[in-house]
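Good morning, and thank you for making time for this presentation. I would ask you to keep the sequence and the structure in view while I speak.

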Amino acid sequence: RGNAPVSSLLGKRLFEAGDAARQIPACAGCHGADGKGLLAGKLAYPAIGGQHRYYLRGQLQDWKAGIRSNSPDGIMNSIARALGDADIEALADYLSGL
């Protein structure tokens, strides 16, 4: 992504590093450096890399709105609530390209 648009750079930064000031952990920490999912003990973190961007955007919006609430300890709800609309768009765009 040499001349990637700003939104893709934001998505990459959130995926790889998160945003400590907003208590957003890096997506890669749970979903793997390539976004293809991880197993950690009894928890399975799903693959998010390569999913369709509209699907990813919808899922993040549903976590944020509380429509989805089935993540362990509600972690995805907390993370998604900290994301703005531009963050969600950037993540969906970036993740769909993994």
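How much space lies in the largest pocket? The answer is about 580 Å³. Before I go further, please bear in mind that this is a predicted model.

The lining of that pocket comprises 27 residues, and those closest to its centre are His31, Pro46, Ile48, Trp63 and Met76. Several elements contribute: helix H2, residues 28-31, strand S2, residues 43-45, and helices H3, H4 and H5 each supply at least two lining residues. The greatest contribution is that of H3, which gives five residues. As to chemical character, 21 of the lining residues are nonpolar, five are polar and one is charged.

Let me turn to H3 itself. This helix covers residues 53-65, 13 residues in total. From first C-alpha to last it reaches 18 Å, close to the 18 Å expected at 1.5 Å a residue. Which residues of H3 are buried? They are Leu56, Gly58, Gln59, Leu60 and Trp63. You will recall Trp63 from the residues closest to the pocket centre. The cover over the buried residues of H3 includes H4 and helix H5, residues 85-96. Directly after H3 comes glycine 66, with a positive phi near 85°.

H5 deserves a word of its own. It has 12 residues and spans 17 Å from its first C-alpha to its last, close to the 16 Å expected at 1.5 Å a residue. Its buried residues are Asp87, Ile88, Ala90, Leu91, Ala92, Tyr94 and Leu95.

Next, two residues of helix H4, which runs over residues 75-82. The first I wish to discuss is asparagine 77, which is placed in H4. Is asparagine 77 buried or exposed? Its relative accessibility is 6%, and asparagine 77 therefore counts as buried. Leaving aside residues up to four places away in sequence, asparagine 77 touches Trp63, Gly66, Arg68, Ser69 and Ser71. Among these contacts we meet Trp63, a buried residue of H3, and Gly66, the glycine that follows that helix.

The other residue is isoleucine 79, also found in H4. Isoleucine 79 counts as buried because its relative accessibility is 14%, and buried means under 20%. With residues up to four places away in sequence again set aside, isoleucine 79 touches Ile24 and Pro25. Isoleucine 79 and isoleucine 24 are 55 residues apart in sequence, yet their C-alpha atoms are 5.7 Å apart in space.

I now come to the cysteines. How many disulfides does a search of the whole structure find? The search finds zero. Cysteine 27 is in no disulfide, and the nearest cysteine sulfur, that of cysteine 30, lies 8.8 Å away. Cysteine 30 is likewise in no disulfide, its nearest cysteine sulfur being that of cysteine 27, at 8.8 Å. A pair of cysteine sulfur atoms must be within 2.5 Å to be counted as a disulfide, so a separation of 8.8 Å does not qualify. As for accessibility, cysteine 27 counts as buried at 18%, whereas cysteine 30 counts as partly exposed at 33%.

Finally, a remark on the backbone. Most residues other than glycine have a negative phi. Where, then, is glutamine 23, whose phi is positive? Glutamine 23 is placed in the loop between helix H1, residues 6-17, and H2. Its phi is near 60°, and with a relative accessible area of 70% this residue is exposed.

Aspartate 73 is not a glycine either, and it has a positive phi of about 55°. This residue is found in the loop between H3 and H4. At 84% relative accessibility, aspartate 73 counts as exposed. Its C-alpha is separated by 16 Å from that of leucine 60, a residue 13 places away along the chain.

To close, I return to the pocket with which I began: about 580 Å³ of space, with H3 giving the most to its lining. Thank you for your attention.

Note on methods
Residues are numbered from 1 along each chain as its sequence is written. This is a predicted model: local features need pLDDT of at least 70, side-chain atom pairs count only at pLDDT 80 or more; totals for chains, interfaces and linings use all residues. Side-chain values use heavy atoms; hydrogens and water are left out. Helices (H or I, at least four residues) and strands (E, at least two) are DSSP runs, numbered from the N terminus. Buried means under 20% relative accessible area, exposed over 50%, partly exposed in between (1.4 Å probe, protein chains only). Contact means heavy atoms within 4.5 Å. The expected span of a helix is 1.5 Å times one less than its number of residues. On a 1 Å grid over the protein atoms alone, a cavity is a set of points where a 1.4 Å probe fits but cannot get out, and a pocket is an open set with protein on both sides within 12 Å along at least five of seven lines; lining residues have an atom within 4 Å of a point. Grid points are joined across faces, edges and corners, and a volume is the space filled by probe spheres set on the points. Ala, Val, Leu, Ile, Met, Phe, Trp, Tyr, Cys and Pro count as nonpolar, Asp, Glu, Lys and Arg as charged, and the others, Gly among them, as polar.
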